[in-house]
Amino acid sequence: MITSSIISSIATVGLLLGVASGGATTQMPHKQMQPTEQTGEFHRIDQPLWLKGAVTAGGLGLIGLELWWFLVSKPKSRKATTEGGIQEVTVTVDGGYEPSQIVVQAGQPVRLNFDRKDPSSCLEEVRFPDFQIAQELPLNQVTAIEFTPDQPGRYEFTCGMNMFRGVVEAQRHSFGQKA
Ligand SMILES: [Cu+2]
C-alpha cells in the first residue's frame with residue numbers, strides 16, 4: 001500500500017517534471033520563430049570562454065554602476081530664487097531632471113521652467129500629481145509650470161510613465177523672512 005503510493009507519487013512528480021521540461025522545450029521555437037535556420041546553429045555553438053568572461057565582467061560592471069547610482073550619486077538639490085514674489089527654478093530635462101530636488105518656501109507661488117533637451121518620448125510629459133498637473137514639454141523649449149504649495153512637504157513630479165522623478169521640497173516659512 002505505502003510503497004505503491006510512493007511509487008505513484010514519484011511517477012506523478014516525474015510526469016510533472018516531464019510536462020514542465022516538455023513545455024519549456026516547446027516554448028523555445030516560439031521565441032525564435034523567425035530565424036528558423038539559425039536555431040539549430042544557435043544551440044550547437046559553444047560560447048567561447050572569453051565571451052563568458054566578458055558577459056560576467058559586464059554583469060559585475062552593471063552591478064557596480066547600480067551601487068554607485070544608489071549610494072554615491074546623491075540628487076543635487078537647488079534652492080529657488082525669488083523674484084517678484086515668485087520662486088523660480090530652471091529644470092533641465094535631459095536623461096532625467098536636473099536638479100531633481102528643488103527647495104522652495106511653502107505658501108509662495110513656484111514657477112518651474114522645464115527646459116526639455118531630451119528627445120525621448122519618455123520625458124515628453126511631466127506630472128505633478130499633488131497639483132493635478134500633467135504638462136506636455138515640447139522639445140527644445142522652455143515650458144513654465146506654476147503652482148503654490150500651501151503646506152510644507154515633499155511634492156513629487158514624474159515623467160508620464162512614472163520612470164523619472166524629482167521632488168519639490170516646500171519648507172516652512174522661516175522667521176524674519178519676508179515674502
Ligand atoms: Cu517616462
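Two strands count as paired here if DSSP finds at least two bridges between them. With that in hand, let's walk through this predicted model, starting with strand 10 and strand 11, which pair in the antiparallel sense over six bridges. To find this pairing on your screen, look for Thr158, whose bridge partner in strand 11 is Arg165.

Now step back to the whole sheet. It is open, has six strands in the order 1-5-11-10-7-8, and its pairing is mixed. Strand 1 and strand 8 (133-136) form the edges, each pairing on one side only. On average, neighbouring strands of this sheet are turned by 20° against each other, direction ignored.

From strand 11 (residues 165-171), move across to strand 5: these two pair in the parallel sense over five bridges, and Gln101 stands opposite Val167 in strand 11. Strand 5 also pairs with strand 1 (residues 77-79), again in the parallel sense, over three bridges. There, Arg78 has Ile102 of strand 5 as its bridge partner. Strand 5 (residues 101-105) is mostly covered, with four of its five residues buried.

Finally, return to strand 10 for the metal site. Which residues coordinate the copper ion? They are Cys122 and Cys159, each through SG, at 2.0 to 2.3 Å. This pair links distant parts of the chain: Cys122 lies in the loop between strand 6 (110-116) and strand 7 (125-128), while Cys159 belongs to strand 10 (residues 153-159), 37 residues apart. Are these cysteines buried or exposed? Cys122 counts as buried because its relative accessibility is 11%, under the 20% cut-off. Cys159 is buried too, with a relative accessible area of 1%.

Technical notes:
Residues numbered from 1 in each chain as written. Predicted model: local features only at pLDDT ≥ 70, side-chain atom pairs only at ≥ 80, totals over all residues. Heavy atoms only, no water. Buried < 20%, exposed > 50% of the residue type's maximum accessible area, 1.4 Å probe, protein only. Donors = N, O, S within 2.8 Å, 3.2 Å for Na, K, Ca; no water. Axes fitted to C-alpha atoms, helices over the stretch in contact; angles between N-to-C directions.
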